[in-house]
Amino acid sequence: MGLSEHEQRLLDEMERNLYKHEADIVNTSSGPRTVDYTKVAVGLLGVVVGLVLIIIGVSLKLAIVGVAGFAVAVVGALWALSASRPMTGDEAAAGGQAAKGPAASKQSQSLMDRLSQEWDDRNQQR
């Protein structure tokens, strides 16, 4: 069953809006990032301690210890997940991203930048 003219127009409008706003979404989430491994280690340690507290709470039949263990595990997981942050200019230069030439500049682009460029190129060919 085909789409009516109204449905086809709505679909085309939604597609145009998606193409229009996709670049904004990609630009906000792209760019080089760095990870603070100390935060990851502390977060994972918190998760392990929380799980141990949950097991102790269940074995001793103390709900408050189990709830506290769950809270510690959640906070540890959130702490570990917050370890990624945007890379500063000094870190990018130290990481060897200041290479010159067209081939090197293509390699220094993030994955999302390359995918966005390929998407834009395909849409221009249509």
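K61 sits out in the open: its relative accessible area is 75%, well past the 50% cut-off, so it counts as exposed. You'll find K61 in the loop that runs between α2 and α3, the latter being residues 63–81. Keep in mind that this is a predicted model, so the backbone detail here is a computed one. And the backbone at K61 is worth a look: phi is positive, about 60°, even though K61 is not a glycine. Most residues other than glycine have a negative phi.

Step back and take in the whole chain for a moment. It has six helices and two strands, and if you read along the sequence they come in the pattern α-β-α-α-β-α-α-α. There are 126 residues in the protein chain, and 13% of them are buried. The accessible surface comes to about 9900 Å², with 65% of that belonging to carbon and sulfur atoms. As for how the chain meets itself, take the contacts between residues at least 6 apart in sequence: 68% of these join residues at least 24 apart.

Now go to helix α2, which spans residues 37–60. L60 has its place in this helix, and with a relative accessible area of 53% it is exposed, because the cut-off for that class is 50%. L60 also belongs to a nonpolar patch on the surface, together with V48, V52, I56, L62 and I64. Between them, these six residues have about 540 Å² of accessible area. Which helix gives the patch its largest share? That's helix α2, with four residues.

Other residues of helix α2 are more covered up. Is G46, which lies in this helix, buried or exposed? G46 is buried: its relative accessible area is 14%, and the limit for buried is under 20%. Leaving out residues up to four places away in sequence, G46 touches V72, A73 and G76. There's also a glycine to compare positions with: G46 and G69 are 23 residues apart in sequence, while their C-alpha atoms are 9.3 Å apart in space.

V47, also found in helix α2, falls just on the other side of that limit. Its relative accessibility is 21%, so V47 counts as partly exposed. What does V47 contact beyond its neighbours within four places in sequence? The partners are A73, G76 and A77. A73 and G76 thus turn up as contacts of G46 and of V47. A C-alpha distance adds to the picture: V47 and L78 are 31 residues apart along the chain, and their C-alpha atoms are separated by 9.5 Å.

One last stop is the aromatic side of things. K39 lies over the face of W79, 4.6 Å from the ring centre. How many aromatic pairs are there? The count comes to zero.

Key:
Residues numbered from 1 in each chain as written. Predicted model: local features only at pLDDT ≥ 70, side-chain atom pairs only at ≥ 80, totals over all residues. Heavy atoms only, no water. Phe/Tyr/Trp six-rings, centres within 6.5 Å; stacked < 30°, edge-to-face > 60°. Lys NZ or Arg CZ within 6 Å of the ring centre and 35° of its normal. Patch = residues over 30% accessible without salt bridge, like charges linked within 9 Å, V, L, I, M, F, W, Y side chains within 5 Å. Areas by Shrake-Rupley, 256 points an atom, 1.4 Å probe, with all protein chains shown as cover. Salt bridge = Lys/Arg side-chain N within 4 Å of Asp/Glu carboxyl O. Buried < 20%, exposed > 50% of the residue type's maximum accessible area, 1.4 Å probe, protein only. Contact = heavy atoms within 4.5 Å.
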